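The following note was prepared for a colleague who wishes to go through the model point by point. The sequence and coordinates are shown first.

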Amino acid sequence: MEKFFKLYDSWIEKAIAVLMGFLIISLFAQVLSRYLFNFPIMWTDEIGRYTFIWIVYLGSAAAFKNKSHLIVDVFTQKMPRKLQFRLNLFFHAVIILFLFLVFKYGLQYTINNMGNPAYSTNVISLGIAYASVPVGALLMIINILRAISEDMKTEGKE
């Protein structure tokens, strides 16, 4: 299982890097075409927006894996370790429930828009752009479950 998650994490990080490179290139092309040639490429702005949304969702999944989301723990740090663990478990459960709803409705929205072309180009479907929502939510759920599993292993050793 560890080998699978190593490949899984690597895939997410590489996807973010590729999308980031594509975002930079497409927006750079937009700036060049607009200011040097006075001829804007219409689709680069929209594709850049959708690429950025994919980066945000994949990055959020990676942040859950690394436990690098912003958290206010002023009060919980003063609580006993066992209570901290239980509160953390509760908050993770609430987040998973919310992400499940995001996944469910995001998937419905994606399926409903799969045949619709993007606004400025017919090359990409709106469904592909909107698929970032359920894919990102699912990846976040997986990484939260991994974090819970790791916390339970460390809690059991103490």
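The points below move from the overall fold to the core, and then to individual residues.

1. Status and fold. The model is a predicted one. Its secondary structure consists of five helices and zero strands, and the order along the sequence is α-α-α-α-α.

2. Overall dimensions. Taken along the principal axes, the C-alpha atoms fill a box of roughly 65 × 35 × 35 Å. The radius of gyration is 20 Å, whereas a compact globule of 158 residues would have a value near 15 Å.

3. Surface and burial. About 10,900 Å² of the protein is exposed, and carbon and sulfur atoms supply 71% of this area. Of the 158 residues, 35% are buried.

4. Range of contacts. When contacts between residues at least 6 apart in sequence are considered, 71% of them join residues at least 24 apart.

5. The largest nonpolar core. This core has 21 residues, and those touching the most other members are Ile12, Ile16, Leu58, Leu99, Leu139 and Ile144. Two or more residues are contributed by each of helix H1 (2–35), helix H2 (42–66), helix H3 (81–112) and helix H5 (132–157). In general, nonpolar side chains in soluble globular proteins tend to be buried together.

6. Leu58 within that core. Which residues does Leu58 contact, leaving aside its neighbours within four places in sequence? The partners are Ile12, Ala15, Ile16, Leu19 and Leu139. Of these, Ile12, Ile16 and Leu139 are themselves listed with Leu58 among the residues that touch the most other core members.

7. A separate core. Apart from the largest core lies another, made up of seven residues, including Ile47, Ala118, Ile124 and Ala129.

8. Helix H3. The 32 residues of H3 should span 46 Å at 1.5 Å a residue, and the end C-alpha atoms are 46 Å apart, so the expected and computed spans agree. The buried residues of this helix are Gln84, Phe85, His92, Ile96, Leu99, Gly106 and Thr110. Leu99 is also one of the residues that touch the most other members of the largest core.

9. Thr110. Is this residue of helix H3 buried or exposed? Its relative accessible area is 4%; this is under the 20% limit, and Thr110 therefore counts as buried. A polar atom of the Thr110 side chain lies 3.1 Å from the backbone oxygen of Tyr130. Beyond neighbours within four places in sequence, Thr110 is in contact with Gly127, Tyr130, Ala131 and Pro134, so Tyr130 appears both in this contact list and in the 3.1 Å pair, while Thr110 itself is buried.

10. Ile148. This residue belongs to helix H5 and has a relative accessible area of 13%, which means that it is buried. Leaving aside neighbours within four places in sequence, Ile148 is in contact with Leu89, His92 and Ile96. Two of these partners, His92 and Ile96, are among the buried residues of H3. The C-alpha atom of Ile148 is separated by 52 Å from that of Phe39, and the two residues are 109 residues apart along the chain.

11. Asn38. Where does Asn38 lie? It is located in the loop between H1 and H2. With a relative accessible area of 69%, Asn38 is exposed. Its phi angle is near 55 degrees, a positive value in a residue other than glycine. A reviewer may wish to inspect the backbone at this position.

Technical notes. Residues are numbered from 1 along each chain as its sequence is written. This is a predicted model: local features need pLDDT of at least 70, side-chain atom pairs count only at pLDDT 80 or more; totals for chains, interfaces and linings use all residues. Side-chain values use heavy atoms; hydrogens and water are left out. A nonpolar core is a set of buried Ala, Val, Leu, Ile, Met, Phe, Trp, Tyr and Cys residues joined through side-chain atoms within 4.5 Å. Buried means under 20% relative accessible area, exposed over 50%, partly exposed in between (1.4 Å probe, protein chains only). Helices (H or I, at least four residues) and strands (E, at least two) are DSSP runs, numbered from the N terminus. Contact means heavy atoms within 4.5 Å. A polar contact is a pair of N or O atoms within 3.5 Å; within protein, one must be able to donate a hydrogen and the other to accept it, and residues adjacent in sequence count only if both atoms are side-chain atoms. The expected span of a helix is 1.5 Å times one less than its number of residues. The radius of gyration is taken over C-alpha atoms; the globule rule is 2.2 Å times the number of residues to the power 0.38. Accessible areas come from the Shrake-Rupley method with a 1.4 Å probe; for residues, only the protein chains shown count as cover.
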